[in-house]
Amino acid sequence: MNKQPSLFPQLDSKPKEAPALAGASSLSAAPCAYVRVVVDIPSRALSEPFTYGVPEELGATALVGATALVPFGPRMALGYICERMDSLPLSGEGSVPHPSRIKCIRDILAAPAFTEQSARIAFWMAREYVASVSECLRLFLPPGGTPRLVRDAKGSYRVEAPATSEAHERWVSLTEEGRSFEPAARAVRQRQVLDALACGPVTTRELRVLYTDMSATVRALERRGVVRVEERRAWRGCEDATTLSSANGAAPVALTAGQQEALEAIEHARDDAAGRVVVVDGVTGSGKTEVYLSAIERVLEDGKSAFVLVPEISLTAQTVGRFRSRFGSRVAVFHSRLSAGERRDQWDMVAAGTARVVVGARSALFCPLRNPGIIIIDEEHEQSYKQGSSPRYHAREVAAHMASVYGCPLVLGSATPSSEALARCRAGEYAGQRWLRVCMPERPGAARLPEVTICDLRREFIGGSRSMFSKELREALLGVAERREKAVLLHNRRGFAPFLMCRECGCVPTCKHCSTALTYHERTHTLECHTCGATYRVRPYPAVGSACPKCGSRYLAKMGLGTQQVEDALIQLLPNDVEVIRMDADSTRGKDAHKELLERFDAAECAVLLGTQMIAKGLDFPEVTLAAVVNADYALKMPDFRASERAFDLYEQLAGRAGRGEQAGRVIIQTYLPDDPVIRAVATHDRSIFTESDLAQREEAAYPPFVRLTNVVVWGADERACRRYIEELAAAVRAQMGIDNPTSAIGLTPLSEDEGLEPPSSPVLLGPVPCVIERAKDRFRFHFICKTPVGYHVSDCIRAALASVGSREGISLSVDVDAYDLM
């Protein structure tokens, strides 16, 4: 295998070659320093920073992380300073270029927003995920949209200010004179203000809540020198209190043996300061969150900070509540449901050092946290840690690289670790980092893993049952209602029915803009495309006006089950005093919808929580004694090599929602495939039944963790042009990889428990072919897949191929390294 040349300079070492020159200097004075600037133009061709001079008047402000105004060709552009140098580096010819050839930066438009370490991470991401450096650096900038350069009427340039402004609060406090002030006997409102201030400063908002509007009274006391009023920065996004009983992070009296072992492993990794990875493999309910909290306590005591990533927004209220109950106002939170102002304030809290613990989704990884001492990723197996747009990074891989840069441990927690994480732990090392697995096989106290019952739907059908609920599940639900307990029901299909179908001609209505079937939503009587969001009004059989779009037959029937249909069946089955709460993408569109639904479920005396996969992860309700899967086969038969792993993760996680309190739990899984390894593994709580079968299939077919998958997708309105372009690109990639036979197989060495992974010998390219979803949003889609050995620089090959082929007008392209979605 030919060694791939590096396209990215290492920022932590002195460059041997000069970066691209920006052109002749327009200033006569010699620069006081030189900087390397990433120009904010999202092009893969701009893979290296440009060298600019720093004029004397900007010497104090042209720092790493600052946003600069730079001349770029015939125009002015934004740029981000990623390195500062006292002298020019050598050029490609081995000589130092004359300073007159270097243009100087014109102005500093924004203060530093990232560090040199962040710049190194952005360069690594750009290379690893075939993205432009500028879009990787943008991840580290304050939230508020893509920075835009604006020129005013006077010809001056500035960065467009974010739409949101800073929030401030007015604080009222007693002065020294005010402590001895005695108001008049009839000055009731002044006395009320002084009573409120006796224990310390309060905000005018708090005074208004206590005593209605007190502004006139406060002004009068301020004029007399009794109180002092000052304006301070307020932090939006910190008031999201929750009534969830599970949002409590009180420390237990004693840790379990598994928790103590996990903490010791994390402490060893901290002492080593080499960026080790610790995989905490703990059964559901084993207390992994307490391990995180205890580890962070020690990190904070050492004056350092912590990142904590969670996969689902539904977990945010519970997780943030636990962390804030332990660490108070030092916790900042980041997720997609925050408003623009809240995101900005939370970012500013971190940048100011007010917050030292960041909890949130994958984007929280790029907050400006000072001196990180630990990075924690909860439920590390989750697909939501993979970014769906450029740069298509995986939070686990970026966090591992960050851990090595910062010299802090990365903790990956899960009851169902990913196959990649388990393989790296078996090997003991990956990409120069040590990987260690720590097991937590027991639940604290008297809690035990629930009993799992498999209901064979084939026997139910043969016995004459046509209900969506088997006899066991129906009786179990009624038992929960009778005992006034709670249940969690999983059905991973939202809507009322997955699709409609004409009973006479077999027509299935599809989206006009995408090659996908439309999902029927009963509440709104609409067919909705879950790819592009298009909505169509419809009346299925037996409603008046029902008509097939192809043959006109009125027998356009609802096929399959969605969460809305299951909800209706539950309401009919259960007594009226049992609350049925549906939680899916349709019912959680509002800002605080996740939290409000979970609070309703927590507060109810007896309730059933029905939902998609968001209800199966991390939720902790001790009153839940029953967890059930309405139909387990949806997830098992998806056209994806990860389908079985995702199904096992989902059902094992769901099983962990039951029996977390004093009452024993029970799990019921309805399936037509009771002998599937996934179902048998969940039924026995024995992961090896699934992993042995799954790894054997992946090894034979050469799928991760034995190889790396890269999915290159091309789309555009012109089908023929897209097909020609991707064929040309695929040929260029084959040439770069030295692939003579497009259908050649990858040679593999079997995986053993002791030896770990043995990479395949050579890459292979599959395709190009139309995507599984051939058309989306009126764009035709084609792709090819690269299977490459672990450690092979596939990104360099694809980048070189893209440079040789170039781009095409009207055709878009994405490169997804370590792809999770192949559809």
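The following questions and answers cover salt bridges, sheets, helices and cysteines in a predicted model.

Residues are numbered from 1 along each chain as its sequence is written, and side-chain values use heavy atoms, with hydrogens and water left out. Because the model is predicted, local features need pLDDT of at least 70 and side-chain atom pairs count only at pLDDT 80 or more, while totals for chains, interfaces and linings use all residues.

Colleague: How many salt bridges does a search of the whole structure find?

Modeller: A salt bridge here is a side-chain nitrogen of Lys or Arg within 4 Å of a carboxyl oxygen of Asp or Glu. Some of them are linked in a network, made up of R233, R344, D345 and D348. Searching the whole structure gives a count of 41.

Colleague: Which residue forms a salt bridge with D640?

Modeller: D640 is buried at 15% relative accessibility, where buried means under 20% relative accessible area, exposed over 50%, and partly exposed in between (1.4 Å probe, protein chains only). The partner is partly exposed at 29%. The closest N and O atoms are 2.8 Å apart, and the partner is R646.

Colleague: How many residues apart in sequence are the parts that E645 and R698 tie together?

Modeller: The side chains of E645 and R698 meet in a salt bridge, 2.6 Å from N to O. E645 lies in helix α17 (residues 643-655) and R698 in helix α19 (residues 687-701); helices (H or I, at least four residues) and strands (E, at least two) are DSSP runs, numbered from the N terminus. E645 is buried at 7%, and R698 is buried at 2%. The parts tied together by this pair are apart in sequence by 53 residues.

Colleague: Is E700 buried or exposed?

Modeller: E700 has its place in helix α19. Its C-alpha atom is separated by 36 Å from that of T519, 181 residues apart along the chain. With a relative accessibility of 73%, E700 counts as exposed.

Colleague: Which strands stand at the edges of the open sheet β32-β33-β31-β34?

Modeller: The 4 strands of this sheet pair in the antiparallel sense, and two strands count as paired if DSSP finds at least two bridges between them. Each edge strand has a single partner, so one side of each is left without a neighbour in the sheet. The edge strands are β32 (764-776) and β34 (811-817).

Colleague: Which residue in β33 stands opposite A776?

Modeller: β32 pairs with strand β33 (residues 779-789) in the antiparallel sense, over 7 bridges. In general, strands of a sheet pair through backbone hydrogen bonds, either parallel or antiparallel. The residue opposite A776 is R779.

Colleague: At about what angle does helix α21 run to β34?

Modeller: Axes are lines fitted to C-alpha atoms, for helices over the stretch in contact (heavy atoms within 4.5 Å). Angles run from 0 to 180 degrees between N-to-C directions. Helix α20 (residues 719-737) lies across β31 (707-716), β32, β33 and β34, at about 10° to β33. Helix α21 (residues 794-805) lies across β31, β33 and β34, and its angle to β34 is about 165°.

Colleague: What arc do the buried residues T217, V218 and L221 cover around the axis of α5?

Modeller: T217, V218 and L221 are buried in helix α5 (residues 215-223). The arc is that of the directions from the helix axis to the C-beta atoms. What covers these residues includes β9 (168-174), α3 (188-197), α4 (204-211) and β11 (227-233). They lie on the same side of α5, because the arc is only 100°.

Colleague: How many of the residues of strand β4 are buried?

Modeller: Strand β4 (residues 67-72) is covered on both faces. T67, L69 and P71 are buried on one side, and A68, V70 and F72 on the other. The count of buried residues is 6 of 6.

Colleague: Which residue takes a positive phi in the hairpin of β4 and β5?

Modeller: β4 and strand β5 (residues 75-85) run antiparallel and are joined by 6 bridges. F72 has R75 as its bridge partner in β5. The hairpin has 2 residues between the strands, and the one with a positive phi, near 65°, is G73.

Colleague: Which cysteine sulfur is nearest to that of C797?

Modeller: A disulfide is a pair of cysteine sulfur atoms within 2.5 Å, and the search of the whole structure finds 0. C797 is in no disulfide and is buried at 0% relative accessible area. The nearest cysteine sulfur is 8.5 Å away and belongs to C786.
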